[in-house]
Amino acid sequence: MPRIMVTGAAGQLGSALVNGLLARGEWDVVGVDNLLSGRKELVPANSNNYQFIQANCNNPLEISQVMLGHRFDYVFHYAAVVGVQRTLDDPISVLEDIRGFENILALCKNTRVSRVFFSSSSEVYGEPVEIPQREHQTPLNSRLPYAVVKNVGECYLRSFHQTYGLEYTVFRFFNTYGPNQSYDFVVPRFMINAIHGQDLTIYGDGSQSRTFCYVDDNVDACLNCMTQDLFVNDTLNVGSEKMFTIAQLAEIVIAEVNSTSKIQYVSALEEGDMKRRQPESSKMQQALGRDLLPLQGGIQRMLNDERFMKYASETAKRRGWT
Ligand SMILES: NC(=O)c1ccc[n+]([C@@H]2O[C@H](COP(=O)([O-])OP(=O)(O)OC[C@H]3O[C@@H](n4cnc5c(N)ncnc54)[C@H](O)[C@@H]3O)[C@@H](O)[C@H]2O)c1
């Protein structure tokens, strides 16, 4: 069976991808994570075709032990320091992820990996100069360390392809939400607050808009890129085109949860809260091959997810609401 490595495998998207791969049962999968922001409980138990290895991609010794020991056919490099506040508070740790690109790509080249899939971000577009944002036309206006580092990662992939023929696909993920996302992120935060009757806090006037892609749509689109040989040596936006303001999101969450929570407006964040973002998503739609799940449907799936509801009540307890 072909072998696949997923880095960031204890994270929201990495763990969902691992589960998606295991559900199809056609590959041997190794998940790698240093548990910086990942959660061990998201990682499936080791089995005949799955193994979890705790290792740091930015440490050449640790990651080369994994990659030389297994010889992978495909690599999904999703490990990264994430979260707007975390990356603003500790920009140096974000820059260290560049070492991870060097390590992973050199090892992919030397072990003849067929294709590397890289989780870039809508943040590479920075403060938007045009809407919707197109993969090859929209200028990359990134300025913050996290966004600049993603841009550097994309540049590494193109350079390794040009020089060594290493094949790649860049996924520019737009806001992706789902039951395993942490409270740091807006959809679970609004939902957990709404479930417990707490105010939903909005920074600024709430007119900043976002798109929301349910995690299953992200996983299916990315897996199809691999299995159907789509977008080889190319970049695609992975996200939903449907825009909501943050104020609309708060109202939708309150309605879907059937909550009595109120919306509270506080001063805008100084940095990192882009006004608008919207992907041009024809490549995503081609990769997915079906309609994306509407926001209301995703919220309902989360409300029906046992692990999410448990996480919601643990979070409420930690915050002293229950
Ligand atoms: N979720 C989104 O909406 C979104 C949007 C844009 C881009 N992305 C990108 O997608 C990827 C996955 O994001 P996520 O939402 O699952 O985040 P996440 O924080 O849940 O997952 C990232 C994982 O990487 C691990 N990690 C961090 N540094 C590591 C290192 N040096 N070595 C090994 N493991 C390490 C963390 O422990 C964590 O489990 C990231 O690269 C992120 O930048 C996500």
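The following exercises concern a predicted model.

**Exercise 1.** Determine which residues come nearest to the ligand and which elements supply its shell.

*Solution.* Begin with the 28 residues around the ligand: Gly 8, Gly 11, Gly 38, Ala 79 and Ala 80 come nearest. Next, assign the shell to elements; α1 (12-24), β2 (28-33) and β5 (115-121) each give two or more residues. Of these, α1 has the largest share, with three residues. Finally, sort the shell by class, which yields 12 nonpolar residues, 15 polar residues and one charged residue.

**Exercise 2.** Describe how the chain is divided into domains and what the contact between them comprises.

*Solution.* The division gives domain 1 (3-174 + 215-238) and domain 2 (176-211 + 241-278 + 293-314). Their C-alpha centres are 25 Å apart. To the contact, domain 1 contributes 22 residues and domain 2 contributes 15. On the side of domain 1 that touches domain 2, at least two residues come from each of α1, α3 (84-89) and α8 (215-227). That side consists of 13 nonpolar, six polar and three charged residues.

**Exercise 3.** Asp 229 and Phe 231 both have a positive phi; establish for each whether the residue is buried or exposed.

*Solution.* Phi is near 55 degrees in Asp 229 and near 55 degrees in Phe 231. Asp 229 lies in the loop between α8 and β11 (234-238), as does Phe 231. Now count C-beta neighbours inside 10 Å: Asp 229 has 11 and is therefore exposed, whereas Phe 231 has 22 and is therefore buried.

**Exercise 4.** Locate the cis peptide bond that involves Pro 132.

*Solution.* The bond joins Ile 131 to Pro 132, with omega about -5 degrees. Pro 132 belongs to the loop between β5 and α6 (145-164).

Notes. Residues are numbered from 1 along each chain as its sequence is written. This is a predicted model: local features need pLDDT of at least 70, side-chain atom pairs count only at pLDDT 80 or more; totals for chains, interfaces and linings use all residues. A residue is near a molecule or strand if its C-beta atom, placed from the backbone, lies within 6 Å of it. Helices (H or I, at least four residues) and strands (E, at least two) are DSSP runs, numbered from the N terminus. Ala, Val, Leu, Ile, Met, Phe, Trp, Tyr, Cys and Pro count as nonpolar, Asp, Glu, Lys and Arg as charged, and the others, Gly among them, as polar. Domain bounds come from an automatic or database domain assignment. Two residues are in contact if their C-beta atoms, placed from the backbone, lie within 7 Å. A residue is buried if 20 or more other C-beta atoms lie within 10 Å of its own, exposed if 12 or fewer, and partly exposed in between; C-beta atoms are placed from the backbone.
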